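Please open the structure in your viewer and keep the selection panel at hand, since this tour moves from one selection to the next.

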Amino acid sequence: MHQDITIVYVIYKSGDILFKNVLKLRNFHKIIIDNDPKSILEKKLRSIDSSINYIKMNKNIGMAKAANIAFKKVKTNFFLYLTADTIINENSIENLFKIFK
């Protein structure tokens with residue numbers, strides 16, 4: 001597990017692309033704020049990666065407010081905010097980290 005970076009997602013009615021991205025980024029801490037109070041994604045996400053910090057909101061509070069909630073939960077030195085459909089691999093994140101480190 002990469003100890004210096006947390007990946008933050010704010011989602012609303014996200015699907016398969018999110019699962020693919022979570023699978024690709026197993027070596028990072030992840031915080032997912034789900035703005036869909038009727039979402040049933042938690043069980044599937046935890047089956048993919050049990051270390052995910054998943055927070056389901058009881059109403060859609062919007063992307064910015066949800067992101068601020070996630071940022072307050074980050075315990076690493078750096079975070080990377082991604083949308084559910086952002087396709088990125090671990091090497092790209094490592095390269096970004098080297099630039100900012």
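Two strands are said to pair here if DSSP finds at least two bridges between them. The model is predicted, and the tour starts in its strands.

Select residues 2-11, which form strand β1, and add residues 28-34, strand β2; the two pair in the parallel sense over seven bridges. Within this pairing, pick T6 and look across to H29, its bridge partner in β2. To follow the chain from β1 to β2, add helix α1, residues 16-24, through which the chain crosses, and this β-α-β crossover is right-handed.

Now keep β1 and select residues 78-82, strand β4, which runs parallel to β1 and is joined to it by five bridges. Return to T6, whose bridge partner in β4 is F79. How many of the 10 residues of β1 are buried? Eight of them are, so the strand is largely enclosed by the rest of the structure.

Next, move to helix α4, residues 90-100, and highlight E90, I93 and F97, which are buried. These three residues cover an arc of only 60° around the axis, which puts them on the same side of α4. In general, an α-helix has 3.6 residues a turn, so residues three or four places apart point the same way.

Finally, turn to the face of α4 that points away from its buried side, where the exposed residues N91, K98 and I99 are carried. I99 has a relative accessibility of 65% and therefore counts as exposed, the cut-off being over 50%. Select I99 together with L96 and F100 to display a nonpolar surface patch of about 340 Å².

Methods. Residues numbered from 1 in each chain as written. Predicted model: local features only at pLDDT ≥ 70, side-chain atom pairs only at ≥ 80, totals over all residues. Heavy atoms only, no water. Buried < 20%, exposed > 50% of the residue type's maximum accessible area, 1.4 Å probe, protein only. Helix = DSSP H or I, 4+ residues; strand = E, 2+ residues; numbered from the N terminus. Right-handed = clockwise from strand over helix to strand, strands pointing away. Patch = residues over 30% accessible without salt bridge, like charges linked within 9 Å, V, L, I, M, F, W, Y side chains within 5 Å. Areas by Shrake-Rupley, 256 points an atom, 1.4 Å probe, with all protein chains shown as cover. Salt bridge = Lys/Arg side-chain N within 4 Å of Asp/Glu carboxyl O. Arc of directions from axis to C-beta.
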